[in-house]
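I opened my notebook and set out to read one protein model from its overall fold down to single pairs of side chains. Here is what I looked at.

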Amino acid sequence: MKPFLLLLLAILPAACSPSAPKAENTAAPTATGQTTLFPLTIHTAKTAHRFTVELALTEQQQEQGLMFRKSLAPDSGMLFPMSPPRTASFWMKNTLIPLDMLFIHTDGSIAFLKADAAPYSREPVSAGIPVAAVLELRGGRAAELGIREGDRVAWGDCDRPSSSNPLNFCPR
């Protein structure tokens, strides 16, 4: 297994947890202080929807998630990749806005979609099965775009076959 993937495995927590609020409403910085933004595409039966998402890679980013954000742009979100796949559980404590949570199978299909998760809820949300990632979007966005369980998700430079970035997720 690549050292980078081992590092990801070591730092991925099982759920979001409370922490001090961030003062600004911006993307989460990486250890180097930069935001990791990635292209993501959801393929529905009718069309493809493109997003630019933040990657929650570090333990701090995973714990913070989208807590304390006052808004989320329509075509943005946060992706929590999980390598190896695992059963993930999220809650909405300290989250100010409703979110759609999409739990993604290892084949890229959406295993479970929790629409409009209620702000401040301590009720755990889980697909109940191991997943490759969880994607959080603005609440109601999946319904607006007709995104459903079974639709397929890919992220990174999947349109460029020569790209070898270990963060790419390009199921075929």
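**Entry 1: the overall plan.** I began with a definition: helices (at least four residues) and strands (at least two) are DSSP runs, numbered from the N terminus. I also noted that this is a predicted model. How many helices and strands are there in the protein? I found 3 helices and 7 strands. Then I read the elements from the N terminus on, and they run α-β-β-α-β-β-β-β-α-β.

**Entry 2: inside and outside.** I looked up burial next. The protein has 172 residues, and 45% of them count as buried. For the outside, I noted an accessible surface of about 8500 Å². Carbon and sulfur atoms own 55% of that surface. I also checked contacts between residues at least 6 apart in sequence. Of these, 70% join residues at least 24 apart.

**Entry 3: the cores.** I searched for the largest nonpolar core. It has 23 residues. Which of them have the most contacts inside it? I wrote down Leu40, Ile42, Leu79, Leu135, Ile147 and Trp155. Next I asked which elements give two or more residues to this core. Six strands and a helix came up: E1 (37-43), E2 (48-55), E4 (99-104), E5 (110-117), E6 (125-138) and E7 (152-155), together with helix H3 (141-145). Strand E6 gives the most, with 4 residues.

Another core lies apart from this one. It has 17 residues, among them Ala56, Leu66, Met78 and Leu99.

I went back to Leu40 and left aside its neighbours within four places in sequence. Its contacts include His49, Arg50, Phe51 and Val53. Further along the list I found Leu79, Leu135, Val153, Ala154 and Trp155.

**Entry 4: salt bridges.** How many salt bridges does the structure hold? The count is 5. I took some of them in turn.

The side chains of Arg69 and Glu54 meet in one, at 3.0 Å from N to O. Arg69 lies in the loop between helix H2 (59-64) and strand E3 (76-90), and Glu54 lies in strand E2, so the pair ties together parts 15 residues apart in sequence. Are these two residues buried or exposed? Arg69 has a relative accessible area of 6%, so it is buried, because buried means under 20%. Glu54 is at 8%, so Glu54 counts as buried too.

I moved on to Arg152 and Asp107. Their closest N and O atoms are 4.0 Å apart. This pair links distant parts of the chain: Arg152 is in strand E7, Asp107 is in the loop between E4 and E5, and they are 45 residues apart. Arg152, at 31% relative accessibility, counts as partly exposed. Asp107, at 38%, also counts as partly exposed.

**Entry 5: a bridge within a helix.** Arg141 forms a salt bridge with Glu144, with the closest N and O atoms 2.8 Å apart. Where do the two residues lie? Both are in helix H3, 3 residues apart, which is about one turn of the helix. I compared their burial. Arg141 counts as buried at 11% relative accessibility, whereas Glu144 is partly exposed at 48%.

I then followed this pair outward. Arg141 and Glu144 belong to a network of salt bridges that also links Asp75 and Arg138.

Definitions and conventions
Residues are numbered from 1 along each chain as its sequence is written. This is a predicted model: local features need pLDDT of at least 70, side-chain atom pairs count only at pLDDT 80 or more; totals for chains, interfaces and linings use all residues. Side-chain values use heavy atoms; hydrogens and water are left out. A nonpolar core is a set of buried Ala, Val, Leu, Ile, Met, Phe, Trp, Tyr and Cys residues joined through side-chain atoms within 4.5 Å. Buried means under 20% relative accessible area, exposed over 50%, partly exposed in between (1.4 Å probe, protein chains only). Contact means heavy atoms within 4.5 Å. Accessible areas come from the Shrake-Rupley method with a 1.4 Å probe; for residues, only the protein chains shown count as cover.
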